[in-house]
Amino acid sequence: MRKTDEKKPGEMAVFAKAKELIDHTLTLTDNTNRYPKRVRFTFVNRMQDYAIGIFEGLLQANELDLAVPTERDRRLSLQRQVMTDCKLLLYMIELSYKQHYINAGSCEYWSKMVFDVKYMTAAWHKRDKQR
């Protein structure tokens, strides 16, 4: 795993983790030795979309102001959507393992990356709800 997206000063750790998740997802799914071209549009594109959508949702949520009630609600909603996208990506990873596109080690490592983002987002969501 290449760590090209180190956490920048002032950046929330969840953003760095989400960037690593995108990089890892693209690296694995762009490999036609793992994911044949016949599953590109039905399977691979969805996995890539979920990974990118997770980062996009985090970024959008972070741009909203908790002091504005409508923005607060939108922020909480975006955080929940990120957690849902994490669950969907986890299922796709599980399916990748069951379909023999990845081995057990890849499944475990990749899933841990998603769980890291999911749990960090859940903690952020909980803190925002308590404010």
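Author: A residue is called buried if its relative accessible area is under 20%, exposed if over 50%, and partly exposed in between (1.4 Å probe, protein chains only). This is a predicted model, in which local features need pLDDT of at least 70 and side-chain atom pairs count only at pLDDT 80 or more, while totals for chains, interfaces and linings use all residues. Residues are numbered from 1 along each chain as its sequence is written, and side-chain values use heavy atoms, with hydrogens and water left out.

Reader: Are Phe43 and Tyr101 buried or exposed?

Author: The cut-offs above apply to both residues. Phe43 and Tyr101 are each buried.

Reader: How is the pair of rings of Phe43 and Tyr101 classed?

Author: Rings of Phe, Tyr and Trp (its six-membered ring) pair if their centres lie within 6.5 Å; planes under 30 degrees apart count as stacked, over 60 as edge-to-face and the rest as tilted. The centres of the Phe43 and Tyr101 rings are 5.8 Å apart and their planes stand at 50 degrees, so this pair is tilted.

Reader: How many residues apart in sequence are the parts that this pair ties together?

Author: Helices (H or I, at least four residues) and strands (E, at least two) are DSSP runs, numbered from the N terminus. Phe43 belongs to helix H2 and Tyr101 to the loop between H3 and H4, so the parts tied together are separated in sequence by 58 residues.

Reader: How is the pair of Phe115 and Tyr119 classed?

Author: Both residues lie in helix H4, four residues apart, about one turn of the helix. Their ring centres are 5.6 Å apart and their planes at 20 degrees, so the pair is stacked.

Reader: Which helix gives the most to the largest nonpolar core?

Author: A nonpolar core is a set of buried Ala, Val, Leu, Ile, Met, Phe, Trp, Tyr and Cys residues joined through side-chain atoms within 4.5 Å. The largest one has 33 residues, of which Tyr35, Leu58, Leu89 and Trp110 touch the most other members. H1 (13-29), H2 (40-62), H3 (69-98) and H4 (104-130) each supply at least two residues. With nine residues, the helix that gives the most is H2.

Reader: How are H1 and H4 directed relative to each other?

Author: Axes are lines fitted to C-alpha atoms, for helices over the stretch in contact (heavy atoms within 4.5 Å), and angles run from 0 to 180 degrees between N-to-C directions. Angles under 35 degrees count as roughly parallel, over 145 as roughly antiparallel, 65 to 115 as roughly perpendicular and the rest as oblique. H1 and H4 pack at about 150 degrees, with axes 9 Å apart. The two helices are therefore roughly antiparallel.
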